[in-house]
Structures are given as structure tokens and as C-alpha cells.
4 protein chains.
Amino acid sequence: MLRTGVLGYSGYSGAELLDLLQKHPFVEPVLLSHRKADESAADKRPVVCGQSPPALINLPWSPSVVSENNIDVVFTATPPEVSMEVAPQVLQQGARAIDLSGAFRLNAEQYRRWYGSEHEHPELLKEAVYGLPELHREKIRTACLVANPGCYSTAAICALWPLLKQEWVDRAAGIICDAKSGVSGAGKKPSPKTHFVQVTENFSAYSILTHRHVPEVLNNAGMEEREFSFAAHLLPIERGIMATNYLRLKRPVTLDEVRAVYENAYRGSRFIRLYPATSTPELRMVNRTNYCDIHCSLGSEGTRLVVISCIDNLVKGAAGQALQNLNVMFGFDEAAGLL
Amino acid sequence: MLRTGVLGYSGYSGAELLDLLQKHPFVEPVLLSHRKADESAADKRPVVCGQSPPALINLPWSPSVVSENNIDVVFTATPPEVSMEVAPQVLQQGARAIDLSGAFRLNAEQYRRWYGSEHEHPELLKEAVYGLPELHREKIRTACLVANPGCYSTAAICALWPLLKQEWVDRAAGIICDAKSGVSGAGKKPSPKTHFVQVTENFSAYSILTHRHVPEVLNNAGMEEREFSFAAHLLPIERGIMATNYLRLKRPVTLDEVRAVYENAYRGSRFIRLYPATSTPELRMVNRTNYCDIHCSLGSEGTRLVVISCIDNLVKGAAGQALQNLNVMFGFDEAAGLL
Amino acid sequence: MLRTGVLGYSGYSGAELLDLLQKHPFVEPVLLSHRKADESAADKRPVVCGQSPPALINLPWSPSVVSENNIDVVFTATPPEVSMEVAPQVLQQGARAIDLSGAFRLNAEQYRRWYGSEHEHPELLKEAVYGLPELHREKIRTACLVANPGCYSTAAICALWPLLKQEWVDRAAGIICDAKSGVSGAGKKPSPKTHFVQVTENFSAYSILTHRHVPEVLNNAGMEEREFSFAAHLLPIERGIMATNYLRLKRPVTLDEVRAVYENAYRGSRFIRLYPATSTPELRMVNRTNYCDIHCSLGSEGTRLVVISCIDNLVKGAAGQALQNLNVMFGFDEAAGLL
Amino acid sequence: MLRTGVLGYSGYSGAELLDLLQKHPFVEPVLLSHRKADESAADKRPVVCGQSPPALINLPWSPSVVSENNIDVVFTATPPEVSMEVAPQVLQQGARAIDLSGAFRLNAEQYRRWYGSEHEHPELLKEAVYGLPELHREKIRTACLVANPGCYSTAAICALWPLLKQEWVDRAAGIICDAKSGVSGAGKKPSPKTHFVQVTENFSAYSILTHRHVPEVLNNAGMEEREFSFAAHLLPIERGIMATNYLRLKRPVTLDEVRAVYENAYRGSRFIRLYPATSTPELRMVNRTNYCDIHCSLGSEGTRLVVISCIDNLVKGAAGQALQNLNVMFGFDEAAGLL
């Protein structure tokens, strides 16, 4: 069994990850508590009569906790500041790290601009591998530090990169990604923006052209910032991201040509699914799964292209993809614990 | 008091219209029933002790009901087939008509293509005025037949037409309208698509590049079909439309220049509101009002423009706009019964 | 115009009240700010082109602000501690006060037990009138201090007091009130319990047999604590309370007899409506209104009685009832600004 | 592998059952189509590139299909009329049957009264075993025909039967069950009552004292109809039932005494969980599981008792319980495929 530490297990992504790990056939999860363990929640859960609730090992974080406890890999589902501090310590103890924050996804200059502070370990940014297995599977296998992609970025990149390699896309016309996310994407911390009364029967746009996930998309799908317009929107649902992407083509193509691009790009990628041409893309099909579903539509003249991608922001957009990365890194079946 | 008939008062738009009419200071609503009146709903409502519920006049539709009952104007909140049959009869009896369906919004050729059947009164299509007061206020004043705009069309046109008159918009790059609507836009008839279990915690895209409201937008905002990409999405809420529009500019402009375009276009238009630059557009601000709220964002290089418009699909997108048209047609304060 | 101060206008009840006051024909609202005014929200609202947004007078609270500004009546939509401090100051300046908190609804002993602290102005508790106009209309007319009822209490009392005067109710068998409320009842302050992700697709029970609104119900419906079982539940909706009340009768009665009890009790009460026997009670009929709707069902043997009451917790359960009280206190039409 | 037929696999319960069966380690599901198979839905699903979607065997229903295909057991997730016709045919072919409808839960007289028609196979009603394993585990082991309980009934019975065996419950005072269900309980067929716009931000009561699930509760918890008051309510969520039950005790007891009743009744029952005394019962803990969670509260005087039970109406209230019954009938681990 692979001893797998989880730091930040009480947030949405961390809790989702813990659920997945407990069902994984080859993994033994170990809780790591940066601050003191929050045991109150467990105490309020209903219990089968006559049974004690199962308890995971819960270790306080210390700079030597990883090696002392023979932990092989650590997930950090923590804010970027914490990840930046903790990940190097994990690596120094000889373990591998998968970070779910934005701490290791960009280069130092991008980090400074989009996160508004200096990166504290720029030397690790070259070493870190961007953990989107559909793009970087080979590099992930041997990576010590994997930067798990942002949720919006996962949806946008999966929809865009195969197309952007085609010469028939008119980049000068601009690529549009209109993205909508469920509220769990905003994190567990209560705020006026996530109050039920504010969100229900409402819909809002935010971070228009300024979202932090943009530079990841540029780096991995292969675009310049001036070519790409991204707007985020808040859906009154718990989970799920739909990204509706609009591209303009230099010459008319057929829908079959477009679909062939995806079939080629994702042959062997078991978590990418393609919608039949006449169907209706919806979040319900991906929620609580690690799939990224893709749907293509083409204008009658063959040059207006709409590509829709759907993921569960907590699974393919966070915890599921992190586990997929672990599977690749340790040579397990890529779908172990994920189907 | 203006005697005002309502045909189709039991659908969502018709019921919303009836509510508005009953609060209007200068209007006396009269129900017109194409089929026999549905009285069961009224019988199930709670009643103030000792009071009879107020009853509106309810007349069965007949080809002479309008003139016999001195009705001045008739709203038809009916399917296009019914509107096509009834509206000419209203006009023949000397009354004016405001139609909430798609029957009179297009030319005959467009109607054939987008609605899939031949128009039965093509002669009326030239006479009909497209009832978007912010564009066609003067023509509406004297119109006998007003074609009330589609809900999506209202949101898209209000956001786009002022900009599309500017030479700095790069039309060749394409104009994108990513639109999201609440479920009431799909009508009251139960279907698998509007079942609560299908809609809640879900989000879907539909009519991608093929929505019937597209030709109205082309006609009124001034675009060719190949320039315009429109996708509709279903929000898990009762009401509200947000249209996120993306344009590319030939030369960099400032956000102030963009805002000035709207301020000029909508000076005196009391139902168009502009968001401050740093605020967050949301449906909650327009729902249950006749406002169309507009929000502009500009990329740092000044050429990527995002314009968001928000309306309540049942008010500014249907019943409220219909009443606004009535106000214009009969010389009332344009906002009477709407603030 | 009645100069009407509002302290606590940024919470849900206060904001709802302000909306109502601005539409009232005889009232001029004045904002009172206990702490410094929160102007940021107003700055983010969309604005009609060329118009300045309307601004209300906003005065910082001081012990003499009421008399210096000729304010006739003050609403305190504040926590009980603040209301307890402010209300006496309002009265000392010769104005009347309507308090929306729980500060003045109970006697001193009850306050100590249910609110967990000593009341600071027990002398006012005898003077305060419980502001449920359907029960205490005459006393409210001349009251200087009105204690606006709790939301759950309003629903429970309106359903129960007329019946509890009947000798055929078997009090020994116990009276049950199973109450369900929308999330706005929990207040505007963000907390884990009101986070959208916690509430959506969920339903929970809380304050089972221990809710603070219980003693108000006992006092006003006429029961002993041991006779009454009350449980509160959280609905995944913005607003609305349904209270399903169960009573057992000593002898069989008919549904007509039960309905006659309500018709007699509420003759002339314009905000109480009775459902027809065969209809389905639902929150949608009362939301955004000041109505309390009541529905009665009787077991086939005539002794099991179920009485359901529905209100909007922010209107009849808070702001609307507060305004109804103002109307009674100042001799306006009881429904002014409320229909 | 146990060959397991499913008739009625396209409704909510049937689809949920099919999902569970496909994960069960010892079961091979076979689709049975009473009418022609609905293949359109499958054709619209997204597909992993290069993979054919997995297909289950789908057989048209015929009176000999069960024996000809060596099917061991058939689930009928069909309306009672269909179940009444099909179940005898299953039994005649030597297979066992688990019926999810109300066809075999009552005696012939009860069926006539509550379902409004004569039962067509009254001889089977004595043979049928009520499939609540926590009560009737031994009888289920050898049953040929299991009547899977109603969803509301499951919640009510699990909360009530252990208590109703105690002499300290005052039955004469009446037992109350105030039950709330998600919309999937109303079935998949679109209707005005399940339209999203009708349900969202709403809450309604229905079948007050007249719900069809009542006689099942009376039979299995041990009550007379005049002792029991049951009201159903519709929650604006997809799934989940909470039943809040109120009992009055003849003499004061302690909460520990109450909890001991449940611990004894459910020792060895792995799907019944008891909440700690200070916690908050909520549907989120049971949804998508086969658990029934129970929470007890007691008034300070020790005689007012509130017992809350929570289930997922589609799992413990339908498909999960049906599978639990199969496990018991065929000697599998009772939790196989359910944890």
C-alpha cells in the first residue's frame, strides 16, 4: 500500500480527495494537520449501532513527519502560500508531492503578476510538472512535484489545445472561453458571495478577462494573452464547470474533421469523452466523475466553431485529477479508484 | 381606462403580463379565452375571510369579440400559429395588437427558414414594428401591430447595437453572444427538459448556433449571420437572462470610450442601466424589474471587449416590454406600471 | 409624511423594510446608522444613464438624533442587545419604536431563560405590546413600543390561537408545530450553516424543542410549554415559512366547523387568507406578500386535525408586519404600502 | 453470477437500481423491456474516444422470457397495475420477484381502499413478504415475492416501530409523522407539479392524512389509523426524505433510555445509524447511500419526544433497499454492492 499524506483535508478539494483515496485499492491515506486536527465534525456524524466510526491516522505536520512515517507522497490541498512552504519540505524528505493550489503552475514572472507576490521557491517552478495527464503523461510519470491544474484551466485546455495545433484556426480573430462554475469552486470559507441567499436564483459574472487561471491556459493550450478572452460565471449549483469555447476558422471545415481532431488527440485517454453531434451537453453527465466531456458544433458555413467542455470542478478539476496524477506517477492503472 | 385584452393569460408571459396590467393606473384588463376558460386554478387560491376573490371579465374568443366589447388593444401571448391567425382579426376590428410570439418579428423568408413553415400573413410582416422601444420608439408610437422581441434577442440587441455602429469593432473577427436563461423561458408546458430533477444542480447548452432568436438579433443589431455566434444555456433558476458578449476591436480604446457609446445610445432610456466599472453583474438586480443592465470590461491591451447584459426574461424579455410598448403606443408615461 | 427612522437597514429584514417604506404613500424613510454607513453596496449598483441614483438621508445614530430630526417613529432591525439599548432612547425623545428583534417580546424571566442573559430594561417589558395586529390591534394603536413578533411565532400563533380557544381541542394530547423556514431567516452574516454548498440539495432540523420563538407562541396562543412541541427545519430556499400544526380533538367535528373558527377569528383581518378545502398549500402564494395563508385538513374520524400556515418570513414574519404595525399605530389604512 | 432481470429500468428507481446492480460483485443485470426498448437516451451520451459504450442484454418481455433466459430474480420497478400482472408470471417461471411498486404491500381490503381498485391477485398478498430487512430479515430470506416498501413508509417505520413496542408511549395522544421528500419521489413523468418553475423556491404540503403509504406504516409499526397523523411535503431538492416524528410519553424517560431502545432494536443492522445527541440531522448525510439515520430529542420534562429519520428516497427508500432484499434472499453479504 502506498502511504499517502493529505494536508488540507477539510476543504472541499481535500475532503473529496480523501473520499476517493479511501476507495483506492492501493493507497493508504494518512491525514496531516498543519494546524490542530478538527475532530468536531466527526463527532457529529451518525454511527451504526454498536460500531466505532473508522478513524484514519492523523499526524500533526512537522518538517520530519513525512520521512519518520514512511510517507511516499503528499497531496497539498492548501492555499498557495502554505503549499509553497510545505512542498519543498516534502521533497527534501524524499517523498513526492502533488499540489492542488496555484503555487507551482506558472513561471516566476507570471506568478508575480497573477498572484501579486514574489514566489518563494522559484527554483522549483522548473522542476514542477503541470499535472494534466492528457497532455503531459510522460513527464508526470517521473515528476517529483506535480502542479495539479486549476479547475477552469482543465476545462479550457482540454477543449482548446487539440484545435489550436490546427493551422485552420484563425487565432487573430481571438479565442473565447465563457466559463461557468458551481459554488464549491469558491471554496469552503463562508463569505457574502457564497451565502445561500445571495446565490440561489441568481447568476453572476466575475474575474472578466482577469482570472488567475488564464495564464495556465495560455501556457498549456498555446496562446498569447491578447488572443484569449476568458470570463468566469457563478452557477447556483454545488459542483460542475461548463466552458463554452468559440473559435473562428480560416477556411470551412466539416464537423467530422473537427471531431477527428479530438479523437486523435485523446486516443487512449480514458477520461475524455466526446458527445454525439446531435446531443445536448450537460453537467449532470460529469458530476461526481473524473470525465471531461466535449461537444462540438459548427455553423452552417463551416467557420464558426463552438466547443463545449464539462467537468466536475472537484473531481477532474481538482481531487480526481490529483489522484489520476498519482496513478500515473506510481505506475498504477490510470483509472484506479476513479471509475 | 384603456380596455386591454389578453389572449393566452395562463402561460408564464401571459400571467406575468396580467399581474402588471392589474397594477397599471390607466388600463382595464379583459381576459380573452381562445379555448374555454381555465377556472380551476383560481378556485384553489386562498381567500381573505369574508371576501369574494376579485374576478376579471373573461370573454370567449370570437372574430367579433374585440369590437363588440370596445377593446382598444389586444396582447397575444400565444404560440406563433395562434398569433398569426388572431392578430389580423384584431386589426380588422380596429384595435391594435401587441404579439409576444415570434410570428411577426422576421421577414417571410426568415420565418420560413427559422420557424419551418410558410407565414400565413406575409402582408402583415411589413406593417409590424419590432417592439424594442430603445431602438424603435417613434415607429412604435403609431404602430397597429407590434412584434414584441424575443427574450434572448432583447438581451443581445441591447448589448450589441450601440457598439456595432462604431467603426472600431472588428466584425470580421466575429461577435459572440453566450446566453444563459432561467427555466421559465422554456414555457409552462411540462416536459422532460423542464422536470425539476433534470434541471436542479445541472446546467446545459442548447440550440448552439441554431436558436430562433438569432435572426431578430441580426436584423436589429445589424449583423450578418456568419459574423455572429450564439449559444443558449439553461440555468437552474426560475427567471433571468445573462448574455455575455465578446467583441474584438480594430484599434485599442478605453473603457470610458466604450461606456460613452452606451451613455449616448441610451440617454433618455429609463430601463437601461449601466454598471460601474468595478462592479459584478448579476441577475438578482434585474429580476422582477423591466431593467436591462449592462456591464463592460476591456482587456489590458484595449481590444478585447466583453459586454454583459442582464434582463428578466419574463419582464423586459416579454411582459414588461410588451407593457412598455403599450405605454409608448398610447402616449402614457413609458414607465407607467413598470417601476 | 411620517418621518420614519430605520436602524439596521442592511440586514435582510431591514432592507426588506426599507423597500416597503419607499413605496408607502405616507412615509418618508430616514436611515439611521449605528456604526458608519455602508456605502459600498450602493456604489456597485447599475445606474440609468444620465441619472444620479436616489439617495436617502443617512444620519449617524446619536442619543438625540431622533428629536433633532423630527423623527416620529423608529424601526430597530438590530440584534436584541442593540435594540435593548436603543429603544429606550427613542422613547425618551418622544418618538415611538417598533423593534424587530426578540428584545421586548417576553417577560423578564422568560428573557433570562431563552436568551441567556438578564434583560437590561425590564420596566419596558410591561409597556411593550406584542405586534401581531390580528390579535392585539387595539393595544397596538396606542402603543409607544411595539415588539414585532418572531417569524416562526407569527406562523404558529396565527394557525393556533383561534383553535386553542375551543373547548374541543385536547390539549393534554399535545399540540405539534413542525416548522420549515427559508435561509433568509438565519440572517445575512455568512456562516458554515448558510454556505450555498451546505444548503443546496439539503434539508436539516434544528432547535428541536428549544427554539427561542417558542415562549412567544406559548404566551400568545395560550399554551403551557409541556403541551407544545416545536421543531425548526431549514429549507433550501431564500424565503418563506410553512408551519404544519397537528392537534387532537376531544370529540369529532366537521371541517366546516373548523373553518368557521378561522372565519370568525379573522373577520376583517385583511392579511389572513383561508385555503379552499381541496387545495394544496404552498409558499409560492405568500412569498413577497404580507399574507398568512391557512389550510385545514381533518381525519376521516373527525379528531385528527392538521392546520398549515404559510408566511414570507421577511414580510409577514418581519418587515411587512412591522409596517402593518406602523399603519395601525398611526391610523393609516392597515394595508397601506402592503398590497 | 446471479442473473437479475430489471423491468422498468428507465424510471428513477429503476435507473438507480441498474446503477447499483452494475457495481454489485455477484450480479449480472439483464434489461427487460415491457414495451420496446428506449435506446435514444443511450445514443446521446458522451463516449470515450475509440470505445464502444458497454451494452447490457436487453430482452423484450414475454411470459416465458424469464425461464428461457435462466433469470434467477426479477425486479419490477413498474406501476402497481403492471407489477400485479407481471409478478405472478415471474413466479410461475420459477424465479423470485422483488416488486418496487405498491402492488403487494397491503392486504386486499387495504389495497381496495387506498389504491381505489380491486387487487387482481389477492392470493399472492399472503405470500408476499414486506421487504424491510430490519424488521423481517428472516422471512425475506426464503420469500419468493418481496414487496419493497414505500419510501415514506421506510422512513416512518424505521423511526417508529422500536418505540411503539414500549409501554411508555402514549398512543392515545396520537403519533405524528411530518414527512418531507425530494422531487424524485414524484416520479419521472413530467407534470405541472414537478415543473422546475413550480418547485424551485417553493415548498408545499400534499396528501395530508390521506397518503397511500400510511397503511404500510400502520401494518408494520403497529398502529391504528386513528392514532396516526401523516402529512407529506415536497422539498425543492432532487432526493432525500426527512420524517419528523412526534410522540408523547406516559411517564418521563431519559434520552439515554430512548437511545437504548434504538440500539437494541438495530443491533446488527448495518444500515441504521444513530445521531449523537447534540448533532443536527440532515439529508446530506444519507443521500446517495442506503443508510437510515435516526436522531432523538426529548423535552426538558421528559415526555415530549421527537424522532427524526432520514433516508435517500431512491436508495434506502427504493433501489438500495431492493438490492438489500436481494442480498438477504440469496445469502450474499447484506451490504454487498451497497457500501
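**Exercise 1. The surroundings of a helix in chain C**

Task: In this predicted model, determine which elements of chain C cover the buried residues of helix α10(C), and how many of the residues of this helix are buried.

Solution.
Step 1. The cover of the buried residues of α10(C) includes α5 (108-115), β7 (129-130), α7 (133-142), α8 (151-164) and β11 (228-234) of chain C.
Step 2. A residue counts as buried under 20% relative accessible area. The residues of α10(C) that meet this condition are C:Val214, C:Pro215, C:Glu216, C:Val217, C:Leu218, C:Asn220 and C:Ala221.
Step 3. The helix spans residues 214-221, and 7 of its 8 residues are buried, so it is largely enclosed by the rest of the structure.
Step 4. After the helix comes C:Gly222, which has a positive phi, near 80 degrees.

**Exercise 2. The parallel sheet of chain C**

Task: State which strands stand at the edges of the sheet of 7 strands in chain C, and describe which helices pack on its strands.

Solution.
Step 1. The sheet is open, its pairing is parallel, and the strand order is β4-β2-β1-β5-β6-β8-β7.
Step 2. The edges are taken by β4 (58-60) and β7 of chain C; each has a single partner strand, so one side of each lacks a neighbour in the sheet.
Step 3. At the β4(C) edge, strand β2 (residues 27-33) of chain C runs parallel to β4(C) and is joined to it by 3 bridges. Within this pair, C:Ser33 has C:Pro60 as its bridge partner.
Step 4. Helix α1 (residues 12-23) of chain C packs on the sheet, where it touches β1 (2-7), β2 and β5 (73-76) of chain C; the angle between its direction and that of β2(C) is about 150 degrees.
Step 5. Helix α4 (residues 80-92) of chain C lies across β1, β5, β6 (96-99) and β8 (145-147) of chain C, at about 160 degrees to β6(C).

**Exercise 3. A sheet shared by two chains**

Task: Identify the strand of chain B that belongs to a sheet with strands of chain C, and explain how it is joined to its partner.

Solution.
Step 1. An open sheet of 8 strands with mixed pairing follows the order β3(B)-β13(C)-β14(C)-β15(C)-β12(C)-β9(C)-β11(C)-β10(C).
Step 2. Its edge strands are β3 (47-48) of chain B and β10 (204-206) of chain C, each of which pairs on one side only.
Step 3. Strand β3(B) is antiparallel to strand β13 (residues 272-274) of chain C, with 2 bridges between them. Here B:Val47 is opposite C:Leu274.

**Exercise 4. Two buried strands**

Task: For strand β11(A), and then for strand β12(D), find the partner strands and the sense of each pairing.

Solution.
Step 1. In strand β11 (residues 228-234) of chain A, 7 of the 7 residues are buried. A:Phe228, A:Phe230, A:Ala232 and A:Leu234 point one way, while A:Ser229, A:Ala231 and A:His233 point the other way.
Step 2. Strand β9 (residues 175-181) of chain A pairs with β11(A) in the parallel sense over 7 bridges, and A:Cys177 has A:Phe230 as its bridge partner.
Step 3. Strand β10 (residues 204-206) of chain A pairs with β11(A) in the antiparallel sense over 3 bridges; A:Tyr206 is partnered by A:Ala232.
Step 4. In strand β12 (residues 241-248) of chain D, 8 of the 8 residues are buried, so the strand is largely enclosed by the rest of the structure. D:Ile241, D:Ala243, D:Asn245 and D:Leu247 point one way, and D:Met242, D:Thr244, D:Tyr246 and D:Arg248 the other.
Step 5. Strand β9 (residues 175-181) of chain D is antiparallel to β12(D) over 6 bridges. Strand β15 (residues 304-311) of chain D is also antiparallel to β12(D), over 8 bridges.
Step 6. D:Tyr246 is the bridge partner of D:Ile176 and stands opposite D:Val306 in β15(D).

**Exercise 5. Cavities**

Task: Give the volumes of the largest cavity and the second largest cavity, and describe the lining of each.

Solution.
Step 1. There are 4 cavities of 30 Å³ or more.
Step 2. The largest has a volume of about 180 Å³. It is lined by 17 residues, those closest to its centre being A:Thr200, B:Thr200, C:Thr200, D:Thr200 and D:Pro236. The lining comprises 9 nonpolar, 4 polar and 4 charged residues.
Step 3. The second largest cavity has a volume of about 140 Å³. Among its 18 lining residues, A:Ala173, A:Ile176, B:Ala173, B:Gly174 and B:Ile176 lie nearest its centre.
Step 4. The lining of the second largest cavity receives at least two residues from each of β12 (241-248) of chain A, β9 (175-181) of chain B and β12 (241-248) of chain B. This lining divides into 9 nonpolar, 4 polar and 5 charged residues.

Conventions: Residues are numbered from 1 along each chain as its sequence is written. Chains are lettered from A and ligands numbered from 1 in the order in which they are written. This is a predicted model: local features need pLDDT of at least 70, side-chain atom pairs count only at pLDDT 80 or more; totals for chains, interfaces and linings use all residues. Side-chain values use heavy atoms; hydrogens and water are left out. Buried means under 20% relative accessible area, exposed over 50%, partly exposed in between (1.4 Å probe, protein chains only). Helices (H or I, at least four residues) and strands (E, at least two) are DSSP runs, numbered from the N terminus. Contact means heavy atoms within 4.5 Å. Two strands pair if DSSP finds at least two bridges between them. Axes are lines fitted to C-alpha atoms, for helices over the stretch in contact, and angles run from 0 to 180 degrees between N-to-C directions. On a 1 Å grid over the protein atoms alone, a cavity is a set of points where a 1.4 Å probe fits but cannot get out, and a pocket is an open set with protein on both sides within 12 Å along at least five of seven lines; lining residues have an atom within 4 Å of a point. Grid points are joined across faces, edges and corners, and a volume is the space filled by probe spheres set on the points. Ala, Val, Leu, Ile, Met, Phe, Trp, Tyr, Cys and Pro count as nonpolar, Asp, Glu, Lys and Arg as charged, and the others, Gly among them, as polar.
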